[in-house]
Amino acid sequence: MSIPAYLDPRSGQRWPLELPRWCGDDGQPLFLTDLPGIGRDDIARGERSVWRYAAALPFRPASPITLGEGCTPMLERRLGAGPQGGTALVKCEWFMPTSSFKDRGASVMLSLLREQGIGAVLEDSSGNGGAAIATYAAAGGMRARILVPESTSPAKTVQSRAAGAEIQLVPGTRQDCADEALRQGRERESGSFYASHNWHPFFLHGTKTLAYELWEDLGFQAPDNIVIPCGAGSNVLGCWIGFAELLRAGQIARMPRLFAAQPANCAPIARAALGAPPAEPRPTIAEGTAIATPIRLPEVLAALRETHGGAVMLEEGEIARATLDLAGQGLYAEPTSAQAAAAFGRLLRDGRIGAADRTVVVLTGTGVKATPRIAELLGLSV
C-alpha cells in the first residue's frame, strides 16, 4: 500500500495528507486512497469507543477527541407484522454522546484535523451533523461555527449553542445555506476550516468504524445485508470503505450487500439506483435524509452496485408505521432512521433479501430529536 493521500475518485488525482483540504482543486469531493485494513489482533481492546479501531485510520492522533462514541448495542428483533415480517439485527446508533451516528465521523474527523493544526471549524447543518461537530469541537478545545437557514426553529440549534458553537443564520433555503458554507470554506473566513460532515473524507473514515464494529459484533464475520437510512450517503460509504478494508486484509470472505433506504418524497439516490426518473423533492417526515443533491451520488451508487445491494423508496405512511412499530418494541427511533426498518420489510416482501439471511438494520438517531413529529403521528399536540 502506498502512503495515504487525498484522492479524487473520478479523475484519480491525488494530494498529500499533510496539507489539510476538504475538496479538490476544482471543488470536487474527495476520498482517501485505499488503506490496507486491520485484523482482530490490531483492535485496541482496552478502548471502549471507535478508537478501538485506530489502527485502521490513515494516521493516529496523539490525543483523540473522544466521548465514548461507538460500541453501540445490537439487538435481535422481529420487524413488521404477521407473515410479512422477519427477524433482523437492529444496530442502535443513537447510543452516542449526541444521540446520532454522526458522532463516529465527528470524533475521527476533528481528531485528525486538530492533529494537523486546525483549531477552528465551519459546518452547515441544523440537525445531527451540526450537533456532533459542535459537541466534539467543544470537547477538543476547538472553535465551531454552524451555519443554518434563518428559518430554522431555535429548538434545533440549542444543542449546538449549549456546546458553545457560534450559530450563523443564513437567509434563504437549505441550499442557500450550503452555498454560503462553501463560499466561506473556500475563503477561510475568520480562519475557519470547512469541516463538513458531507464533504470531508476523514468523516467517512469515522463512519467506517461501524463496519469494523459489526464485524466484531458478529464474531469477526460480515452480515449478509445491511439496511441503512441514506441522505448524503456517509453511512453507506463508510460501510463500503470499512468492509472493503476487511476484505483486503483477508478478514472476511465477501462484502455484505448494502441497501439504502430513502423517502420517496426526496430520493435522488434511490431513484438513480432503481432507474426511476428524477422528481422534485417534497417535504418528508424523514427529514434527516432529505438531501436533494448528494455530492457523492456516483460513489454511493457504486457502493450499492458493487455489493449487489440496492435501494428502497418509502412512502410517508410506511415510514410512520415503522416509527410507531419500533416504539412499540421499546426502540424510540426518529422517523429518519425508522425508514431502515420499513425498508427491511419491503425487501423481505419483494424477495430481495431472504428471511434466513443475517441482516443488520441501522437505526441512526433517537426519537427524542423528533418529538414534535412523533407527537403528530400519535395525534397529540406539544
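Start by selecting helix H6 (residues 209-217) and helix H7 (234-248): the axes of H6 and H7 come within 7 Å and cross at roughly 55°, and the two helices are therefore oblique to each other. Oblique is what is left once angles under 35 degrees count as roughly parallel, over 145 as roughly antiparallel and 65 to 115 as roughly perpendicular. Axes here are lines fitted to C-alpha atoms, for helices over the stretch in contact, and angles run from 0 to 180 degrees between N-to-C directions. The names H and E follow DSSP runs numbered from the N terminus, with helices (H or I) of at least four residues and strands (E) of at least two.

A quick word on what is on your screen. This is a predicted model, in which local features need pLDDT of at least 70 and side-chain atom pairs count only at pLDDT 80 or more, while totals for chains, interfaces and linings use all residues. Residues are numbered from 1 along each chain as its sequence is written, and side-chain values use heavy atoms, with hydrogens and water left out.

**Stop 1: H6 against H7**

Which way do H6 and H7 cross? Their crossing is right-handed. That means the near helix is turned clockwise from the far one by less than a right angle; anticlockwise would be left-handed. Now show the side chains that make the contact (heavy atoms within 4.5 Å). From H6, pick Leu-210, Ala-211, Tyr-212, Leu-214 and Trp-215. From H7, pick Asn-235, Gly-238, Cys-239, Gly-242, Phe-243, Glu-245 and Leu-246. Colour this H6 and H7 contact by class and you get eight nonpolar, three polar and one charged. For the colouring, Ala, Val, Leu, Ile, Met, Phe, Trp, Tyr, Cys and Pro count as nonpolar, Asp, Glu, Lys and Arg as charged, and the others, Gly among them, as polar.

**Stop 2: a cysteine on H7**

Stay on Cys-239, one of the H7 residues in that contact. Cys-239 is buried, with a relative accessible area of 0%. Buried means under 20% relative accessible area, exposed means over 50%, and partly exposed lies in between (1.4 Å probe, protein chains only). How far is the sulfur of Cys-239 from the closest cysteine sulfur? The distance is 11 Å, to Cys-230, which is too far for a bond. Next click Cys-266: its nearest cysteine sulfur, that of Cys-230, is 11 Å away, and Cys-266 is in no disulfide. Cys-266 also counts as buried, at 4% relative accessibility. In fact, the structure holds zero disulfides (pairs of cysteine sulfur atoms within 2.5 Å).

**Stop 3: H7 against H9**

Keep H7 and add helix H9 (residues 297-306). H7 and H9 pack at about 55°, with axes 9 Å apart, and are therefore oblique to each other. This time H7 passes H9 in a left-handed crossing. Val-236, Leu-237 and Trp-240 of H7 meet Glu-299, Val-300, Ala-302, Ala-303, Leu-304 and Glu-306 of H9. By class, this contact of H7 with H9 has seven nonpolar, no polar and two charged residues.

Which residues of H9 are buried? They are Glu-299, Val-300, Ala-302, Ala-303 and Leu-304. Besides H7, the elements they pack against include strand E3 (31-32), strand E11 (257-263), helix H8 (268-274) and strand E12 (310-314).

**Stop 4: two positive phi angles**

Step just past H9 to His-308, in the loop between H9 and E12. His-308 has a positive phi of about 60° although it is not a glycine. At 59% relative accessibility, His-308 counts as exposed. Then jump to Cys-71, in the loop between E3 and strand E4 (74-79). Cys-71 isn't a glycine either, and its phi is positive, at about 55°. Is Cys-71 buried or exposed? At 18% relative accessibility, Cys-71 counts as buried.

**Stop 5: H1 against H2**

Select helix H1 (residues 102-115) and helix H2 (residues 128-139), which pack at about 40° with axes 9 Å apart. That makes H1 oblique to H2. H1 passes H2 in a right-handed crossing. Among the contact residues are Met-109 and Leu-110 of H1, and Ile-133 and Tyr-136 of H2.

Leave Met-109 showing and find Ser-196, in the loop between strand E9 (193-194) and helix H5 (201-207). Leaving aside neighbours within four places in sequence, Ser-196 is in contact with Met-109, Leu-122, Glu-123 and Asp-124. Ser-196 is buried, with a relative accessible area of 1%.
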